[in-house]
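Welcome, and thanks for keeping your viewer open. Follow the stops below in order, selecting as you go.

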Amino acid sequence: GENNGIEKTYLSYTRLLINGADVRGDLIVFDPQQGTEMILNQDVSRDEMDCISRGCTLHPDLTWVGWLQKDNNKNSLWLAPIDTANRSVDIANKRLLSNDAFRFEFTQDMIIYTELKDPSALNGTSVKYEPLDGSADALEFALVNSSGGFSGTILGDLFIIIQTTLSTMSI
């Protein structure tokens, strides 16, 4: 992350707290230089933001958080801004990106993800991307099979689509 143009290093992780039947996963950002930690989802229920089941991922500049929320046998992909002034997830402004996502990555200003488009098709997994701020609809980048996927760079200047067959792998 940055602080007045100065690069800072933070450690982010999920801390599991168990108190009898009550289980919660706190999304923590630790500042090793100051020895302080921030709990970004302090007052957010697990039903709203589940960081335990599939994990939560912070954007490298600490302005967005994405997570896969279990929904029956699927994973819903959610995205929410971080309220930097209050050091918390702005859960009131979260938005659903996909009802059946597998994985996701951030670039500087976009989120890239895979979702199940057609379970009966050979290449039924869609690779999509959209702006973090929701200023445009998601665009389908490619179709891959269940063994395929993607990789990207944080700057968003390079996307690698991985397509596989039984005997070959193309990048």
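Is Arg-87 buried, partly exposed or exposed? Select Arg-87 and look: at 49% relative accessibility, this residue counts as partly exposed, because the exposed class begins over 50%. Before you go further, please keep in mind that this is a predicted model.

**Stop 1: two backbone oddities**

Stay on Arg-87 for a moment. You will find Arg-87 in the loop between strand 8 (74-83) and strand 9. Its phi is near 50°, a positive value in a residue other than glycine.

Now jump to Leu-62, which sits in the loop between strand 6 and strand 7 (64-71). Leu-62 is not a glycine either, yet it has a positive phi of about 60°. If you like to check backbone torsions, put Leu-62 and Arg-87 on your list.

**Stop 2: the whole chain**

Zoom out and switch to a cartoon view. The protein chain has 17 strands and 0 helices. Colour by accessibility next: of its 171 residues, 38% count as buried. If you draw a contact map, consider the contacts between residues at least 6 apart in sequence; 29% of these join residues at least 24 apart.

**Stop 3: an open sheet**

Select strands 3, 4 and 5. Together these 3 strands form an open sheet in the order 3-4-5, with antiparallel pairing. Strand 3 (11-19) and strand 5 (36-39) are the edge strands, and each of them pairs on one side only. Neighbouring strands in this sheet are turned against each other by 35° on average, direction ignored.

Now focus on strand 4 (residues 22-31) and strand 5: 4 bridges join the two, which run antiparallel. What stands opposite Phe-30 in strand 5? Show both side chains there, and you will see that Phe-30 faces Glu-37.

**Stop 4: salt bridges**

Side chains of opposite charge can pair when their charged atoms come close. A search of the whole structure finds 9 salt bridges, and here are some to visit.

Begin in the sheet you have just left. Asp-26 forms a salt bridge with Arg-15, and the closest N and O atoms are 3.9 Å apart. That value still qualifies because the cut-off is 4 Å. Asp-26 belongs to strand 4 and Arg-15 to strand 3, so this pair ties together parts that are 11 residues apart in sequence. The two partners can be told apart by accessibility: Asp-26 counts as buried at 4%, whereas Arg-15 is partly exposed, with a relative accessible area of 26%.

Next, select Lys-128 and Glu-115. Their salt bridge has its closest N and O atoms 2.5 Å apart. Lys-128 lies in strand 13 (residues 125-131) and Glu-115 in strand 12 (residues 110-116), so the pair ties together parts that are 13 residues apart in sequence. Glu-115 is buried, with a relative accessible area of 12%.

Go back to the sheet and add a few residues to your selection. Salt bridges that share partners join Arg-15, Arg-24, Asp-26 and Glu-37 into one network. Glu-37 is the residue you met opposite Phe-30.

For another pair, pick Lys-94 and Glu-48, whose side chains meet in a salt bridge (3.3 Å, N to O). This pair links distant parts of the chain, 46 residues apart: Lys-94 is in the loop between strand 9 (88-89) and strand 10 (95-98), and Glu-48 is in the loop between strand 5 and strand 6 (56-58). Glu-48 is partly exposed, with a relative accessible area of 35%.

**Stop 5: the disulfide**

How many disulfides does a search of the whole structure find? The search finds 1, so named because its sulfur atoms lie within 2.5 Å. Select Cys-51 and Cys-56, which it joins with an S to S distance of 2.0 Å. Check the torsion about the S-S bond: at -95°, the link is left-handed. Cys-51 counts as buried at 4% relative accessibility, and Cys-56 is buried too, at 13%.

**Stop 6: around Ser-98**

Finish with Ser-98 in strand 10. Ser-98 is buried, with a relative accessible area of 3%. A polar atom of its side chain lies 3.1 Å from the backbone nitrogen of Asp-100. Which residues is Ser-98 in contact with, leaving aside its neighbours within four places in sequence? Expand the selection to show Asn-75, Ser-76, Leu-77, Tyr-113 and Glu-115. Glu-115 is also the salt-bridge partner of Lys-128 from Stop 4.

How values were computed:
Residues are numbered from 1 along each chain as its sequence is written. This is a predicted model: local features need pLDDT of at least 70, side-chain atom pairs count only at pLDDT 80 or more; totals for chains, interfaces and linings use all residues. Side-chain values use heavy atoms; hydrogens and water are left out. Two strands pair if DSSP finds at least two bridges between them. Axes are lines fitted to C-alpha atoms, for helices over the stretch in contact, and angles run from 0 to 180 degrees between N-to-C directions. Buried means under 20% relative accessible area, exposed over 50%, partly exposed in between (1.4 Å probe, protein chains only). A polar contact is a pair of N or O atoms within 3.5 Å; within protein, one must be able to donate a hydrogen and the other to accept it, and residues adjacent in sequence count only if both atoms are side-chain atoms. Contact means heavy atoms within 4.5 Å.
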